[in-house]
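This text walks through the pockets of one protein model and then through its nonpolar core. Please keep the sequence and the structure in view while reading.

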Amino acid sequence: MKQYLIRSVKYLIWLTLLFIVVFLLMILTGGSQVGPAESLELLFGSSRGTIMICAIVFLALLYPRYGFVTREIQADLPTNREAILEAFSRSGYRLTEESANGMVFRANTGWKRLLLLGEDTLRVVPTPAGFTIGGLRREAVKVEFRLKPMLR
């Protein structure tokens, strides 16, 4: 539950910063038909602004549910270790930990870690039918799509 709340708060901050950047770009480029003061008044004083703020909070609260995934792959982990390492390497990840419980990968660069809000950990866990890749949805799926052709 604690991890869920931390992820929600991180995403709320990310969405808020994105909103502020878009808001400022509209004002600076003349894309807004009103000035900065009127824009803020419309944001915080109108029903549309309230709906937008509620939507941002709602998205942030749901983010841990739809933003993270576990993908199961039907292949032997020890036999396909090199292919797994290659797929993760091509996706911008490096092996940071390996044990009987599986492997842990982290992003290669600090810039990628920052863009992923520090949620750059992908875990490979052995299962009776093969193994699972778990972590941030877009990253886990990217690795899965790179890995599956290598396993054939």
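In this predicted model, 17 residues line the largest pocket, and those nearest its centre are Phe19, Phe23, Met26, Ser39 and Met52. Three elements give two or more residues each to this lining: α1 (2–29), α2 (36–45) and α3 (47–67). Of these, α1 has the largest share, with 6 residues. Sorted by class, the lining holds 10 nonpolar, 6 polar and 1 charged residues. The space in the largest pocket amounts to about 350 Å³.

The second largest pocket has a volume of about 220 Å³. Its lining consists of Leu12, Thr16, Phe19, Ile20, Phe23, Leu40, Leu43, Phe44, Ile53, Ile56 and Val57. Here too, at least two lining residues come from each of α1, α2 and α3, and α1 supplies the largest share, 5 residues. By class, this lining has 10 nonpolar residues, 1 polar residue and no charged ones. Phe19 and Phe23 appear in the list for the second largest pocket and also among the residues nearest the centre of the largest one.

The next topic is the nonpolar core. In soluble globular proteins, nonpolar side chains tend to be buried together. The largest such core in this model comprises 29 residues, and the ones with the most contacts inside it are Ile84, Phe88, Phe105, Val124, Phe131, Ile133 and Leu147. At least two core residues come from each of α1, α3, β1 (68–73), α4, β3, β4, β5 and α6. The element that gives the most is α4, with 5 residues.

Which residues of helix α4 are buried? In this helix, which spans residues 81–90, they are Ala83, Ile84, Leu85, Ala87 and Phe88. Two of them, Ile84 and Phe88, are listed above among the core residues with the most contacts. The cover over the buried residues of α4 includes the strands β2 (93–99), β3 (102–107), β4 (122–127) and β5 (130–136), together with the helix α6 (137–151). Just after α4, glycine 92 has a positive phi of about 90°.

Phenylalanine 131 gives a view of the core from another residue. Setting aside neighbours within four places in sequence, Phe131 is in contact with Arg71, Glu72, Ile73, Ala75, Leu77, Ile84, Val124, Val125, Pro126 and Leu147. Among these partners, Ile84, Val124 and Leu147 are, like Phe131, named with the residues that have the most contacts inside the largest core. The contact with Ile84 leads back to helix α4, where Ile84 is one of the buried residues.

Notes:
Residues are numbered from 1 along each chain as its sequence is written. This is a predicted model: local features need pLDDT of at least 70, side-chain atom pairs count only at pLDDT 80 or more; totals for chains, interfaces and linings use all residues. Side-chain values use heavy atoms; hydrogens and water are left out. On a 1 Å grid over the protein atoms alone, a cavity is a set of points where a 1.4 Å probe fits but cannot get out, and a pocket is an open set with protein on both sides within 12 Å along at least five of seven lines; lining residues have an atom within 4 Å of a point. Grid points are joined across faces, edges and corners, and a volume is the space filled by probe spheres set on the points. Helices (H or I, at least four residues) and strands (E, at least two) are DSSP runs, numbered from the N terminus. Ala, Val, Leu, Ile, Met, Phe, Trp, Tyr, Cys and Pro count as nonpolar, Asp, Glu, Lys and Arg as charged, and the others, Gly among them, as polar. Buried means under 20% relative accessible area, exposed over 50%, partly exposed in between (1.4 Å probe, protein chains only). Contact means heavy atoms within 4.5 Å. A nonpolar core is a set of buried Ala, Val, Leu, Ile, Met, Phe, Trp, Tyr and Cys residues joined through side-chain atoms within 4.5 Å.
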